[in-house]
Amino acid sequence: MSGFGNSDLTQKDIISYVALGDSFTEGMSDPYPDSDSVPNGRYRGWADRVAEHLARHVGEVRYANLAVRGRLAGRIMTEQVPRAVELSPDLITLCAGGNDIIRPGGDPDATAQLVEAGVARLSGTGARLVLFTGFDTGSLSVMRHLRGKVSTYNMHLRAIADKYDCDVVDMWSMRVLSDPRAWSWDRLHFSTEGHRRIALRVCEVLGVPVDEDWGAPWPPAEPRDWRSARQEDLHWAREYLVPWIGRRLTGRSSGDGLSAKRPNLEPCSPCE
């Protein structure tokens, strides 16, 4: 056990960090600037960015990211949690349950029970644990109907965090994420700017110094005419919505056959 608790991360000479979750933590859709240097088109995302921020203030950061796109809470708890326990890190971030809730018939109560079992096991490592609430879907037409389920799940998650002394990143209150520019073209994953702001928010929760404000106002948006907006809607439905529905109906996942992008604790360099 590391016995790290909620102490100041930046006071350590060496820290280890393990990120658990699904596509959100894997980093979709935030590609590295130099895609040629990233094997298999690996994404960056908020978790990589947090590790990079940590590396600016700590002598050495060893970082693993076990997240895989499309993973349901049950598989995260059975596949990723045991590996995180084995690695025994100082810091663990866990975001799970989103894919369960957006599926037809998704049950936030049952999902919370799965997540609590995983958190209970992770708490035995002595690591500092960080959980994430679901974001407010009220501004997203395709997911607005899920708002009640997400809020129910969030209440469960806060109770879990209180019980196991976890930090919480409150995504629900991040109103900057309601801007379309926080989202990628598929309207299901965050954009590069969305991931950047989320990383800054996580650093704030962790007490890691950063030079920018995650809640800074967006610059004025360029006006769009009705025809352009409708063309974008049609493109989105054809390229993203229809394939997503197809996977749900056939029981397939975007993460089938994929493994974690960073399965072992490896040194992480500071962000540029």
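**Strand pairing and backbone geometry**

Three bridges join strand β2 to strand β6, which spans residues 262-267, and the two strands run antiparallel. The model described here is predicted. Within this pairing, R62 of β2 has P267 as its bridge partner in β6. Strand β2, covering residues 60-65, also pairs with strand β1 (residues 14-21), in this case in the parallel sense and over six bridges; here V18 is matched with A64, its bridge partner in β2. Strand β2 is thus joined to β1 in the parallel sense and to β6 in the antiparallel sense.

Attention then turns to the backbone of the loops. Most residues other than glycine have a negative phi, and most peptide bonds are trans. The peptide bond that leads from M28 to S29 is cis, with omega near 0 degrees, and S29 lies in the loop between α1 (23-26) and α2 (45-55).

Positive phi values occur at two further loop positions. In S88, a residue other than glycine, phi is positive and lies near 50 degrees; this serine is found in the loop that connects α3 (73-87) with β3 (91-95). Because its relative accessibility is 30%, S88 counts as partly exposed. For D165, likewise a residue other than glycine, phi is positive, near 55 degrees, and the residue is placed in the loop between α6 (147-164) and β5 (167-169). With a relative accessibility of 54%, D165 lies over the 50% cut-off and therefore counts as exposed.

Technical notes. Residues are numbered from 1 along each chain as its sequence is written. This is a predicted model: local features need pLDDT of at least 70, side-chain atom pairs count only at pLDDT 80 or more; totals for chains, interfaces and linings use all residues. Side-chain values use heavy atoms; hydrogens and water are left out. Helices (H or I, at least four residues) and strands (E, at least two) are DSSP runs, numbered from the N terminus. Buried means under 20% relative accessible area, exposed over 50%, partly exposed in between (1.4 Å probe, protein chains only). Two strands pair if DSSP finds at least two bridges between them.
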